[in-house]
Number of protein chains: 4
Amino acid sequence: MTDAQTVAGIPMRWVGPLRISGNVATTETQVPIATYESPLWPSVGRGAKVSMLAERGIVATLVDERMTRSVLVEATDAQTALAAARTINARTGELREVVRGSSRFAELIGVRHEITANLLFVRFEFSTGDASGHNMATLASDALLRHLLRTVPGISYGSISGNYCTDKKATAINGILGRGKNVVTELLVPRDVVDGVLHTTAAGIVELNIRKNLLGTLLAGGIRSANAHFANMLLGFYLATGQDAANIVEGSQGVTMAEDRDGDLYFSCTLPNLIVGTVGNGKGLGFVETNLTRLGCRAGCEPGQNARRLAVIAAAAVLCGELSLLAAQTNPGELMRAHVRLERDNKTAKEGS
Amino acid sequence: MTDAQTVAGIPMRWVGPLRISGNVATTETQVPIATYESPLWPSVGRGAKVSMLAERGIVATLVDERMTRSVLVEATDAQTALAAARTINARTGELREVVRGSSRFAELIGVRHEITANLLFVRFEFSTGDASGHNMATLASDALLRHLLRTVPGISYGSISGNYCTDKKATAINGILGRGKNVVTELLVPRDVVDGVLHTTAAGIVELNIRKNLLGTLLAGGIRSANAHFANMLLGFYLATGQDAANIVEGSQGVTMAEDRDGDLYFSCTLPNLIVGTVGNGKGLGFVETNLTRLGCRAGCEPGQNARRLAVIAAAAVLCGELSLLAAQTNPGELMRAHVRLERDNKTAKEGS
Amino acid sequence: MTDAQTVAGIPMRWVGPLRISGNVATTETQVPIATYESPLWPSVGRGAKVSMLAERGIVATLVDERMTRSVLVEATDAQTALAAARTINARTGELREVVRGSSRFAELIGVRHEITANLLFVRFEFSTGDASGHNMATLASDALLRHLLRTVPGISYGSISGNYCTDKKATAINGILGRGKNVVTELLVPRDVVDGVLHTTAAGIVELNIRKNLLGTLLAGGIRSANAHFANMLLGFYLATGQDAANIVEGSQGVTMAEDRDGDLYFSCTLPNLIVGTVGNGKGLGFVETNLTRLGCRAGCEPGQNARRLAVIAAAAVLCGELSLLAAQTNPGELMRAHVRLERDNKTAKEGS
Amino acid sequence: MTDAQTVAGIPMRWVGPLRISGNVATTETQVPIATYESPLWPSVGRGAKVSMLAERGIVATLVDERMTRSVLVEATDAQTALAAARTINARTGELREVVRGSSRFAELIGVRHEITANLLFVRFEFSTGDASGHNMATLASDALLRHLLRTVPGISYGSISGNYCTDKKATAINGILGRGKNVVTELLVPRDVVDGVLHTTAAGIVELNIRKNLLGTLLAGGIRSANAHFANMLLGFYLATGQDAANIVEGSQGVTMAEDRDGDLYFSCTLPNLIVGTVGNGKGLGFVETNLTRLGCRAGCEPGQNARRLAVIAAAAVLCGELSLLAAQTNPGELMRAHVRLERDNKTAKEGS
């Protein structure tokens with residue numbers, strides 16, 4: 001009985017539609033959000049509604065994409081570690097071949113290193129097609145590491161992962177060097193929509209964003225992060241689309257910016273570490289397939305395009321929920337009233353069913 | 001059709017049993033893990049097996065518990081902000097009454113504040129019984145904020161949340177001031193178990209922990225975190241028990257420590273920000289109720305005891321997966337071989353079914 | 001010859017006067033700045049000039065003051081560490097007596113602790129009169145630690161300093177828990193002064209502060225810091241007044257905030273970790289005595305008042321330089337032209353002398 | 001009288017000699033330390049003595065060197081920012097020419113960028129010969145920025161410095177991307193020297209380093225830093241050699257590592273952000289010239305070699321003080337006894353003089 005596999009059924013709804021344009025996709029689509037926190041659905045829904053009232057909708061710009069894994073080797077001393085690092089830099093062509101031998105889809109696109117004492121951290125960067133690429137990167141790094149240990153003198157095995165990757169930890173390196181998709185979303189909300197749908201003002205959002213997201217997070221001792229609740233939307237979207245949702249840890253490190261443009265609101269969410277894929281673990285499940293198909297991420301197109309589309313939709317969903325919550329928090333008591341109302345409704349719904 | 005609610009069915013297994021002792025619970029129990037990453041099950045399972053071979057099992061010490069919410073008010077100037085802060089400190093008795101009026105379970109147990117320019121962040125700390133307490137704390141803070149705005153001169157509404165709380169963001173404040181349950185787990189693994197079950201040595205684990213978890217995370221620019229993959233186990237356990245899994249963002253900020261005690265391995269995971277509850281959102285679902293009951297967290301005992309039990313079980317599951325992965329990473333190639341084997345088995349299993 | 005002591009003569013100038021008001025001092029005073037970077041003098045000078053044109057000048061509010069030292073002890077296990085922490089909390093009266101026995105001026109005003117694995121960090125907080133208090137705190141902590149090791153079972157010596165203090169390291173803890181003087185400075189600059197003296201606009205400063213200080217530092221992976229160059233002014237002032245200038249490491253972690261108030265500029269610098277004293281190391285030197293006297297910090301008043309006065313003057317000097325540099329950076333090319341001109345003037349001056 | 005320039009005379013002593021080898025310099029030299037904290041001299045002195053008892057002395061490996069400045073531009077939108085970034089990447093040859101036109105010594109060796117919302121941070125990396133290079137980098141960046149604003153469509157001036165450089169702020173970016181000299185120092189201390197001179201054991205140092213420097217700093221919320229007091233030695237050495245000592249803020253972010261090698265102690269300090277120069281501001285002063293000459297940093301050699309030599313000497317001095325303090329802190333009461341004795345001696349010396 002112990003081994004019987006069953007499922008944790010997380011409540012899921014489709015929210016929207018929301019409108020997206022930009023350098024990856026132009027579309028109007030609903031988004032699936034799986035969550036125990038039911039107020040999240042109307043929150044994302046309100047943002048989605050706003051996106052439909054903006055001419056270009058949410059403009060999503062994909063800035064970069066790569067998956068990384070850092071290995072750790074011990075050298076005889078720092079001088080040897082430096083020599084090894086230089087050797088590695090000089091042999092990237094050879095290393096690219098090693099990677100090609102380990103995977104059909106992974107390609108080595110960059111190498112960075114850092115030396116501390118006699119330890120050498122080598123961070124490999126890969127393109128991984130439509131996969132988020134954790135396993136592909138680990139497999140390729142395993143091959144690279146074996147190759148290096150065989151061919152570079154004075155180094156020995158430290159770890160297949162040196163936490164300098166960095167996976168599922170909140171750090172600064174991913175944002176600075178890149179890991180996952182880097183997506184910037186922007187939405188220009190006309191003044192009357194700010195007023196009529198969000199019940200607030202551009203100036204109010206701008207001020208709150210400075211004080212809460214930028215300053216408040218800073219005072220709390222945050223690292224490379226300034227937002228209200230990226231984690232909530234990411235989690236809901238990740239679970240609904242078969243992603244490794246533990247990647248919300250670094251995925252939620254992102255920045256909300258707002259500007260008051262003569263009463264119109266310029267609103268932007270930057271997610272530099274969005275790890276998503278349309279193939280790999282979690283993707284074989286029926287509802288995941290259904291959801292990915294409905295999102296248009298099962299098209300037969302060039303490798304990587306489905307994952308990029310999924311990334312910009314994820315980022316757009318994040319913007320929707322972020323905008324709605326910030327708008328609510330500009331008004332004393334609104335958040336609480338909404339929560340109380342929603343929970344009463346839920347209770348009624350349950351009792352009624 | 002848009003509004004039709006359905007479920008995202010995350011694969012879930014019970015793993016273990018694992019053995020726990022300490023100041024909250026003495027038990028042997030299996031733990032449910034819901035995840036798309038199937039290698040997580042045998043990983044936690046191996047750690048659980050080790051715990052059964054240690055006399056006292058995993059000793060889990062609950063060090064602290066509280067839930068927090070910070071409000072933000074704007075003052076006329078810094079001097080007025082300081083006067084307001086002092087007023088608040090002087091009136092904690094009165095504020096406790098305000099909280100009692102807002103909730104049956106929430107109790108105000110502390111207040112901290114910080115002033116920057118003319119802005120005052122006030123961080124309220126509550127005990128919240130068996131609930132993780134997000135909503136209870138927000139409701140209470142809403143009442144407190146309204147009370148303060150009415151009775152303290154020179155301040156006006158800034159935000160019901162100033163990100164100084166901090167919820168679902170990786171920061172330093174939660175670890176330093178406390179938020180959620182603070183649980184330390186310790187396991188003394190006899191040398192023969194280190195060798196026979198973990199296929200490694202105490203010295204190997206110690207060295208890897210220093211280089212990867214402490215140093216590697218530091219170099220990556222981490223904040224108050226030194227572990228390999230707390231996030232994975234937390235996510236799986238949170239989803240299986242109806243928790244708000246976005247709290248893995250701060251929950252995964254914790255520290256692994258290891259010592260070589262004459263060949264025996266002292267292994268410890270400290271999770272200072274473990275946010276769990278046995279009542280509240282997500283708890284009404286059938287499988288969640290079943291899981292909580294099976295974990296012994298539905299007992300009729302004093303308020304808070306079920307949540308504390310859940311916290312130490314969560315922390316123990318984290319230790320199991322952490323120990324197993326670190327052990328694997330001490331051996332070149334082992335991680336990759338395990339992944340490849342598991343995925344092949346999964347594929348076979350699927351094809352067979 | 002090896003032991004011959006001589007001096008490093010750092011060029012020093014008095015700049016100002018600047019105007020200060022607030023809860024510690026109401027004064028107009030010049031400030032001494034010792035630096036190798038001569039452009040710093042006119043930079044602080046321009047800010048000082050602005051302060052003289054504002055009715056209340058720089059309003060400096062002292063929010064808090066304390067000096068800290070954390071000791072580290074090893075316990076048998078986490079449970080024992082927790083018991084020790086509770087014992088310590090229960091015996092603060094006794095510990096206060098121990099401190100009184102170690103120093104005439106130090107007083108124990110708070111204790112915080114954190115447990116990781118079987119390690120207990122205890123952070124003692126002291127008031128230290130007019131001394132910055134490093135040595136006083138260490139002496140008192142040494143007495144406290146000896147007392148604890150003698151009277152609390154199950155703990156042994158770890159370190160007299162556990163880096164949880166934190167001295168001369170950039171961390172989050174000092175800002176959150178307090179260390180040194182916490183001073184907020186505010187200056188309301190009339191629109192015509194913003195234009196005529198600073199050659200910019202309030203809106204320009206506000207925008208730059210958001211993008212450079214708040215966002216830019218965040219993206220760089222900063223920790224609890226958002227300013228342009230607090231470190232420069234602090235260093236110059238610390239050297240001129242006999243302070244331990246290595247404390248600029250944490251002292252420079254502070255926040256600049258700006259608001260456009262109908263064209264007037266509200267400008268504020270918050271320095272939560274300003275470590276200064278008017279007695280102790282460095283204070284016996286002739287020029288230091290002269291400088292402290294000229295700053296009015298050698299008055300015969302209640303203990304602590306001279307140090308508080310010195311703190312608000314230091315903070316005001318920081319604001320002056322910060323404001324001037326930000327103003328310059330709002331204008332393309334201005335910074336470079338100023339540097340080039342100043343260096344040419346310096347060269348001329350040198351050649352002329 | 002206001003403008004009269006005078007000097008702040010910081011007490012200075014030559015300490016040592018210490019022994020250095022490695023990829024930059026092989027030498028035995030004393031080092032000048034200017035400080036108000038007199039216990040620093042014997043502390044560095046003891047470490048220097050240890051270095052003389054190790055066969056190769058302190059092995060200092062220079063890993064990298066560069067100076068950086070980041071400019072900030074505002075783009076019409078993120079898409080335009082991305083286009084601008086790509087243009088910049090494609091035109092590095094042209095940009096190199098622009099830099100050559102602005103300076104005889106600066107050379108552009110790298111460009112990195114990051115986009116948030118519609119803002120583009122561009123981080124230029126330069127080699128700057130024997131200068132630390134602040135001004136050279138700013139001058140070159142000013143030229144680059146003017147060139148970009150003229151030739152790249154859709155962008156406008158944001159700031160000549162976007163705090164993404166990062167100068168005199170504790171961040172993660174400098175360590176990850178490089179700024180200043182990156183120097184690793186290593187010292188192998190024979191067991192009998194650990195015992196006879198340092199009065200401790202290798203195991204004691206290793207344990208203290210893990211608990212205090214790695215763990216304690218982590219718990220305090222530190223960023224990319226694990227050491228006891230790098231800041232103290234850096235400040236003293238910087239002041240004595242005419243450096244911009246405010247760069248200790250990021251310079252002190254470094255890592256101490258220790259290993260017990262069968263009773264011998266492997267001890268290493270890594271300083272990834274050591275900003276030093278032998279020409280530029282502060283270098284014209286008489287005592288600075290004397291000190292640089294005595295350190296062998298006034299040789300007529302290829303540009304950059306003098307600065308590199310200065311960097312490894314600085315790093316070696318840091319190791320000496322770090323080792324001595326850690327050794328003292330392994331022994332209960334030793335630090336306090338040393339302080340008390342030194343201050344008594346100082347008092348006696350003063351009274352005697």
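## Close-up views of a predicted model

**View 1. A salt bridge within helix α7 of chain D, in a model that is predicted, joins R211(D) to E207(D).** At 38% relative accessibility, E207(D) counts as partly exposed, whereas its partner R211(D) is buried, with a relative accessible area of 6%. The closest N and O atoms of the two side chains are 3.6 Å apart. Both residues belong to helix α7 (residues 202-219) of chain D, where a spacing of four residues corresponds to about one turn of the helix.

**View 2. R179(A) and D167(A) form a salt bridge in chain A.** The N to O distance in this pair is 3.2 Å, and both R179(A) and D167(A) are buried. Although twelve residues separate them, the pair links distant parts of the chain, with R179(A) placed in the loop between α5 (173-177) and β7 (180-189) of chain A and D167(A) in the loop between β6 (155-159) and α5 of chain A.

**View 3. In chain B, a salt bridge between E65(B) and R308(B) connects a strand with a helix.** The side chains meet with an N to O distance of 2.5 Å. E65(B) lies in strand β3 (residues 58-75) of chain B and R308(B) in helix α11 (residues 305-329) of chain B, so that the pair, 243 residues apart, links distant parts of the chain. With a relative accessibility of 23%, E65(B) counts as partly exposed, while R308(B), at 14%, counts as buried. Over all chains, the structure holds 84 salt bridges.

**View 4. A network of salt bridges brings together residues of chains A, B and D.** Its members are E74(A), E207(B), R211(B), E259(D) and R261(D).

**View 5. The contact between chain C and chain D draws on 89 residues from chain C and 90 residues from chain D.** About 7,300 Å² is buried between the two chains, and carbon and sulfur atoms give 60% of this area. On the side of chain C, the residues Y36(C), R211(C) and M336(C) supply 10% of the area buried against chain D, which is more than any other three residues. Of the polar pairings, the interface of chain C and chain D has 34 residue pairs in polar contact, and two salt bridges are found across it. R211(C) forms a salt bridge with E74(D), in which the closest N and O atoms are 2.9 Å apart.

**View 6. Chain B superposes on chain D by a turn of 180°.** The fit has an RMSD of 0.0 Å, with a shift of 0.0 Å along the axis, and the two copies are thus related as by a two-fold rotation axis. The same surface serves both copies, since 100% of the contact residues of chain B recur in chain D.

**View 7. Cysteines C297(A) and C165(D) are shown in a structure with zero disulfides over all chains.** C297(A) is in no disulfide, and the nearest cysteine sulfur, belonging to C301(A), is 8.7 Å away. C297(A) counts as buried, at 0% relative accessibility. For C165(D), which is likewise in no disulfide, the nearest cysteine sulfur is that of C269(C), 18 Å away. C165(D) also counts as buried, at 1% relative accessibility.

Key. Residues numbered from 1 in each chain as written. Chains lettered and ligands numbered in written order. Predicted model: local features only at pLDDT ≥ 70, side-chain atom pairs only at ≥ 80, totals over all residues. Heavy atoms only, no water. Disulfide = S-S within 2.5 Å. Buried < 20%, exposed > 50% of the residue type's maximum accessible area, 1.4 Å probe, protein only. Salt bridge = Lys/Arg side-chain N within 4 Å of Asp/Glu carboxyl O. Helix = DSSP H or I, 4+ residues; strand = E, 2+ residues; numbered from the N terminus. Least-squares fit on C-alpha atoms with pLDDT ≥ 70 in both. Contact = heavy atoms within 4.5 Å. Buried area = accessible area lost by both parts, 1.4 Å probe. Polar contact = N/O pair within 3.5 Å; in protein donor to acceptor, adjacent residues only side chain to side chain.
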